[in-house]
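Dear colleague,

I am passing on the structure we spoke about, and I would be glad if you could look through it with the notes below at hand.

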Amino acid sequence: VPGDLLTVAQLDLLGLTNTFASKDLSNCLCLSRVLALYPYEPLPAILCHAPVLCRYPSHCMVEEEVTLGCHQGALMTFGLQGPHVDLPSSLCFLRIRRWLIECGTPLDHRHLDCTVSVRNLEEQCLQRCNAEAKKVRPSSRCSHSAFSYWGASIVRHRPDRGVQYLNEQHRLLAGVAQVEDEKLLLEIRSDRTPFPSGLLCCLTFIAVLLVFPLLFQG
């Protein structure tokens with residue numbers, strides 16, 4: 001989250017915003033693999049919490065995934081145990097854990113098993129994801145993007161007869177092999193750009209410059 005309004009980023013012709021400075025990581029050659037998780041629930045625009053879709057080095061293996069939750073509310077570790085397990089936080093925990101293991105990162109499983117039962121957590125998450133996939137909660141979250149001047153959208157679709165899974169993590173929990181071009185309920189839509197508020201501001205400013213002198217004529 002660069003902390004810029006989408007309008008400000010769209011007006012940044014000189015590249016002075018945090019968005020401009022952070023969205024292009026193509027020269028960061030030390031990056032070889034990236035997991036980027038984007039909670040789908042939108043926040044009010046005034047909070048300047050629009051995420052950014054980055055450009056990575058060509059050799060980098062990138063996994064971008066939309067998940068449940070709202071901003072940092074999807075990464076609360078206290079919601080991983082007890083009678084009221086937080087589904088968004090649990091999904092992020094399990095996804096990051098799986099990714100770290102795939103990358104060969106050594107984890108202290110003895111300590112982990114004492115605090116969180118991973119197997120039970122996976123079973124709970126799978127059951128709740130199956131139920132969540134049936135709920136009608138369409139939404140769209142605006143995002144900055146290195147691939148579009150106007151930005152992109154993080155969307156949750158309506159349940160569809162041919163769509164079974166929320167995201168890649170839901171499919172992994174179900175133990176189902178990945179299908180090419182499989183549709184998911186949560187996804188990034190680079191072709192669905194937010195409202196061009198920056199362009200509207202420019203047109204409004206030009207209109208004011210044209211109209212203002214006419215008010216003092218005669």
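Two strands are counted as paired if DSSP finds at least two bridges between them. Please keep in mind throughout that this is a predicted model.

In that sense, β2 is joined by 2 bridges to strand β4, which covers residues 139-145, and the two run parallel; within this pairing, L53 has S145 of β4 as its bridge partner. Both strands belong to an open sheet of 4 strands, in the order β2-β4-β5-β6 and with mixed pairing, in which β2 (52-53) and β6 (186-189) are the edge strands, each pairing on one side only.

Turning to the interior, the largest nonpolar core holds 27 residues, and those with the most contacts inside it are L68, L91, C125 and L166. Two or more residues come from each of β1 (33-39), β2, α3 (87-102), α5 (118-132) and β5 (152-156), with α5 giving the most, namely 4 residues. Leaving aside residues up to four places away in sequence, L166 touches L68, C129, E132, A133, R156, L184, L185 and L186.

Finally, α3 and α5 pack against each other at an angle of about 125 degrees, with their axes 10 Å apart; because an angle between 115 and 145 degrees counts as oblique, the two helices are oblique to each other. Their crossing is left-handed, and the contact is made by L87, S90, L91, F93, L94, R97 and R98 of α3 together with V118, L121, E122, C125, R128 and C129 of α5.

With best wishes

Methods
Residues numbered from 1 in each chain as written. Predicted model: local features only at pLDDT ≥ 70, side-chain atom pairs only at ≥ 80, totals over all residues. Heavy atoms only, no water. Core = buried A, V, L, I, M, F, W, Y, C linked by side-chain atoms within 4.5 Å. Buried < 20%, exposed > 50% of the residue type's maximum accessible area, 1.4 Å probe, protein only. Contact = heavy atoms within 4.5 Å. Axes fitted to C-alpha atoms, helices over the stretch in contact; angles between N-to-C directions. Parallel < 35°, antiparallel > 145°, perpendicular 65-115°, else oblique. Left-handed = near helix turned anticlockwise from the far one by under 90°.
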